[in-house]
Amino acid sequence: MARRMARLSQNMSHSFGGFPRITGKKPFLVFAFLRRFVKAANDNDVSEGRALYLLGNFLAGEAEIRFSKVMPDSAGHIPGRTVSSYPEAVHWLLTNYAEPQALNQAVAACTRATMAVSETPEGFAQRLRELGEACGNVHEDDRVKMTFIQGLPDHIRMDCEIYNLDNPSFTLQQVLTYANGKFRLYQALNKTTVTEALYQDEASGEETDEEPKPTWVTVGNE
């Protein structure tokens, strides 16, 4: 029996592909995960009775630990405290990891995201994609692109807004490539501004402990 279950788990893993295991940190992934699990179970002729015991193999982290504690094998069946069937297991997952508050928080984190001071446009776009996955990718690609543009610093955002207006059909990746170019350009220009200020201080013979503060140089849209 154990070998049979191990073989079924392995076969179902192939059906899952590279889909991540559920940890409980990304609420919207629960729905996509359950769809994948049902398809994998159907593809391998897995009954609901066996699906209950295989489900835990596709969880990880906190979700895996908590689920193992409510399984009949580890606690015995106590109504309201353990799961005794596959439908109850699905209900347990949805109740604990896909409740409305968590879903709303995931959506808010995605729609209000802004580029951090220490980030590059590339890093911000990657973080936005991860936040989108946490939301189950409920937003259309164009919406994600606009969220990316609105979350950029002002000196890059204005150029990207004009670029997007001129090229409305461009994808997020194309806008990201443009934003990366602007980001590197601003970095180079402001590095030059700091260097020139240092030379001017040396030429005037003035000594100062303060490093000149760079100012963002406005560059027209290419």
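Here's a quick tour of this protein, from the overall layout down to a few individual residues. The model you're looking at is predicted. It's a helical affair: the protein has 11 helices and zero strands. Out of 222 residues, 37% count as buried.

**The big picture**

- Follow the chain from start to end and you'll read the pattern α-α-α-α-α-α-α-α-α-α-α.
- Take the contacts in the protein with a separation of 6 or more: 64% of them are between residues 24 or more positions apart.
- The protein exposes about 13,600 Å², and carbon and sulfur atoms supply 52% of that area.

**The nonpolar cores**

- The largest nonpolar core has 33 residues, and M12, F33, F37, F67 and L93 are the ones with the most contacts inside it.
- Five elements each give two or more residues to this core: α1 (2-16), α2 (29-43), α3, α4 (61-70) and α6.
- The top contributor is α2, which gives eight residues.
- Apart from this core lies another one, made of 20 residues; F124, V144, L152 and Y186 are among them.
- Back in the largest core, F37 is one of the residues with the most contacts there. Leaving aside residues up to four places away in sequence, F37 touches M12, F16, A51, L54, L55, F58 and Y86.

**Where α3 meets α6**

- A packed pair of helices is described by the angle between the two axes and the distance between them.
- For helix α3 (residues 48-55) and helix α6 (residues 86-97), the axes come within 8 Å and cross at roughly 35°.
- On the α3 side, the residues involved are E48, A51, L52 and L55; on the α6 side, they are Y86, P87, A89 and L93.
- Sort the residues of this contact by type and you get seven nonpolar, no polar and one charged.
- Some names here may ring a bell: A51, L55 and Y86 are also among the residues that F37 touches, and L93 is one of those with the most contacts inside the largest core.

**The loop between α2 and α3**

- Two residues to look at here are N44 and D45, both found in the loop between α2 and α3.
- N44 has 17% relative accessibility, so it counts as buried.
- Not counting residues up to four places away in sequence, N44 touches L8, N11, M12 and S15.
- D45 is at 67% relative accessibility, so it counts as exposed.
- The backbone of D45 is worth a glance too: its phi is near 55°, a positive value in a residue other than glycine.

**E119 and its surroundings**

- E119 sits in the loop between α7 (100-111) and α8 (121-134).
- Buried or exposed: which label does E119 get? It counts as buried, because its relative accessibility is 15%, and the cut-off for buried is under 20%.
- The side chain of E119 joins that of R127 through a polar contact of 2.8 Å.
- A polar atom of the E119 side chain also lies 2.9 Å from the backbone nitrogen of A116.
- If you skip residues up to four places away in sequence, E119 touches T114, F124, R127 and F183. F124 has come up already, as one of the residues in the core of 20.

Conventions: Residues numbered from 1 in each chain as written. Predicted model: local features only at pLDDT ≥ 70, side-chain atom pairs only at ≥ 80, totals over all residues. Heavy atoms only, no water. Helix = DSSP H or I, 4+ residues; strand = E, 2+ residues; numbered from the N terminus. Buried < 20%, exposed > 50% of the residue type's maximum accessible area, 1.4 Å probe, protein only. Polar contact = N/O pair within 3.5 Å; in protein donor to acceptor, adjacent residues only side chain to side chain. Contact = heavy atoms within 4.5 Å. Axes fitted to C-alpha atoms, helices over the stretch in contact; angles between N-to-C directions. Nonpolar A, V, L, I, M, F, W, Y, C, P; charged D, E, K, R; others polar. Core = buried A, V, L, I, M, F, W, Y, C linked by side-chain atoms within 4.5 Å. Areas by Shrake-Rupley, 256 points an atom, 1.4 Å probe, with all protein chains shown as cover.
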